[in-house]
Amino acid sequence: LARQLEKARSTSGGQLVPAEVLTNLAPAANELAAALTAFTADVQSLNVGPAYGPFQGKASAALQGAKDLLPQLTLLVKTLPSIAVLLGANGPQKWFVALQNGGESRGTGGLLGSFAIVDLDNGKAVPVQIGANDLLTAKANPSLLPKDSQALWGPARLAEVYGVNLSPNFPYAGELVSSMWQKQSGTLPNAVLALDQRATALLIEAVGGITVDGVTLTGANAVQYLSVGVYEKYTDPGAKDAFVTAVMGQLIKKIATGAASPIQLAGKLANAVLERSVFLWATDAAIQESLAPSPIGGQVPDTAGPIPMAVVNNNAGNKMDAFLYTTVRLQGGECVAGGRRSMMTVELFNNPPTKLPSYVDQRTDRRDQFGLDRPGDGSNRLRLAVYLPKGAYLGSTSPQQLFTGEERGHAVAMFGVELKRGERKTVSVGFTEFGDPEMLNQQPNVIEQPMLNAQQISIEKGPACA
């Protein structure tokens, strides 16, 4: 299939995916998924013993990495037949593409900054509209979400472009964004694709770089420039939006016309998906059912087990999260009657440079709430949501939580955190899980929130509970 991609590239007439490749995508994906499943079973049966000598530790880590990756990769491959449909294999499709700005954190990665509407038909992609978020004037429909999510985040916030992705569960963001665009344009998109600056940088690298207004973006500098540099060059927000829109337009045009090697492009996209930098949602229920559990679906699991998460949303209306460093530590604790006590600790570190563009270092929350319109001081304000494992009960917290709620069966403790320049603060949440020993003794899995500076996650598994 890869060879066919490269061969068809020269004869496709500038298509995103040549039609003959699109036809073979589903059967190739099914064969690959079967092979991966068999290979996973072989890897799971392996053990690294003392015979490895001084390499035992590294070999064990590599084997564990393979065991963690293979199920995710298999799920991703299984989505390819559905993605073929969204690429127009069975008829025209319309995509809403959202560029998330991680400088202002949201549950799924960052503020919806720019967007594009792209039509796809039989592998051919045509961008029909590209613009900044100020063009999105219609409100989303928060009633599409379950009552617990509406209560947790607030219907009024979820309806706004700045609030459609407060929840870390991307299918909710997909539903809200599609409802917003349908209300604004009268057309319901078939898919909502979201990517952040990290994914954008990978795609810019794949197409060989982009030059706009004398600035050349590459895979090496795109994240920094789109997060901070663009605000240094363009002090006027309108000029900044025009630059980012032009970059997005060039990128989509190059990808759509086959300017990049399809093999390299597929590799970059796969890396971005596994890094949780790209998410995809589909209107069609059957297609969405195949996307949701895979890495590209961005779904917060609603199954029982030790699966917590720490979610940061920017509450200051600035872009200071480019300098936010988050450490998440899960400590499995003692066994109690029918359960286990555990502790989740989240450290937030605000570490910006001394000199910053005013648009990055601002406090619109102080201006809007208290009328304090003054230069930024390097501070930041965040809303931290700690998701407990499904069915777990909240214990002691430090500091005291603002309020508690629930989403997808997870109890959620919400905290407000104000950070001065260079300040670290720690939030600790104790909780108790109940269930059968097999569930309690599973290896915990802390879901990583997509952020510009990747969350540093450590897990200490507690003693086995009988």
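# Notebook: a look through the fold

**Entry 1, overall build.** I counted secondary structure before anything else and found 14 helices and 16 strands in the protein. The radius of gyration came out at 23 Å, close to the 23 Å that the globule rule gives for 466 residues, so the protein is as compact as a globular protein of that length. I should jot down here that this is a predicted model. The C-alpha trace spans about 65 × 65 × 45 Å along its principal axes.

**Entry 2, surface and contacts.** How much of the protein counts as buried? I got 52% of the 466 residues. The exposed surface is about 20100 Å², and carbon and sulfur atoms supply 55% of that. I also looked at contacts with a separation of 6 or more: residues 24 or more positions apart account for 70% of them.

**Entry 3, the cores.** Nonpolar side chains tend to be buried together in soluble globular proteins, and I went looking for such groups here. The largest nonpolar core has 61 residues, and W95, F243 and L280 have the most contacts inside it. Helix 10 (residues 237-256) gives this core its largest share, eight residues. I then picked F243 and listed what it touches, leaving out residues up to four places away in sequence: V212, D213, V215, L217, Y225, V230 and Y234. There is also a second, separate core of 34 residues, and V161, Y172, A194 and I307 are among its members.

**Entry 4, strand 9 and its partners.** Next I followed strand 9 (residues 324-336), which runs antiparallel to strand 10 (residues 339-350) and is joined to it by 11 bridges. One pair to click on is V328 with its bridge partner V346 in strand 10. The two strands form a hairpin with two residues between them. In that turn, G338 has a positive phi of about 75°. Strand 9 also pairs with strand 16 (residues 456-460), this time in the parallel sense and over five bridges. Here T327 has Q456 in strand 16 as its bridge partner.

**Entry 5, the disulfide.** How many disulfides are there? I count one. C335 and C465 form it, with their sulfur atoms 2.0 Å apart. The angle about the S-S bond is -95°, and the link is left-handed. C335 lies in strand 9 and C465 in the segment after strand 16, so the pair ties together parts that are 130 residues apart in sequence. Are the two cysteines buried or exposed? C335 is partly exposed, because its relative accessible area is 33%. C465 counts as buried, because its relative accessibility is 7% and the cut-off is under 20%.

**Entry 6, backbone oddities.** Most residues other than glycine have a negative phi, and most peptide bonds are trans, which is why I kept a list of exceptions.

- S398 and P399 are joined by a cis peptide bond, with omega about 0°. P399 sits in the loop between strand 12 (393-398) and strand 13 (403-407).
- R276 is not a glycine, yet has a positive phi of about 60°. I found R276 in the loop between helix 11 (262-274) and strand 7 (278-282). R276 counts as buried, at 17% relative accessibility.
- R408 is not a glycine either, and has a positive phi of about 50°. R408 is in the loop between strand 13 and strand 14 (410-419). R408 is buried too, with a relative accessible area of 16%.

Technical notes
Residues numbered from 1 in each chain as written. Predicted model: local features only at pLDDT ≥ 70, side-chain atom pairs only at ≥ 80, totals over all residues. Heavy atoms only, no water. Core = buried A, V, L, I, M, F, W, Y, C linked by side-chain atoms within 4.5 Å. Buried < 20%, exposed > 50% of the residue type's maximum accessible area, 1.4 Å probe, protein only. Contact = heavy atoms within 4.5 Å. Pairing = 2+ DSSP bridges. Disulfide = S-S within 2.5 Å. Rg over C-alpha atoms; globule rule 2.2 N^0.38 Å. Areas by Shrake-Rupley, 256 points an atom, 1.4 Å probe, with all protein chains shown as cover.
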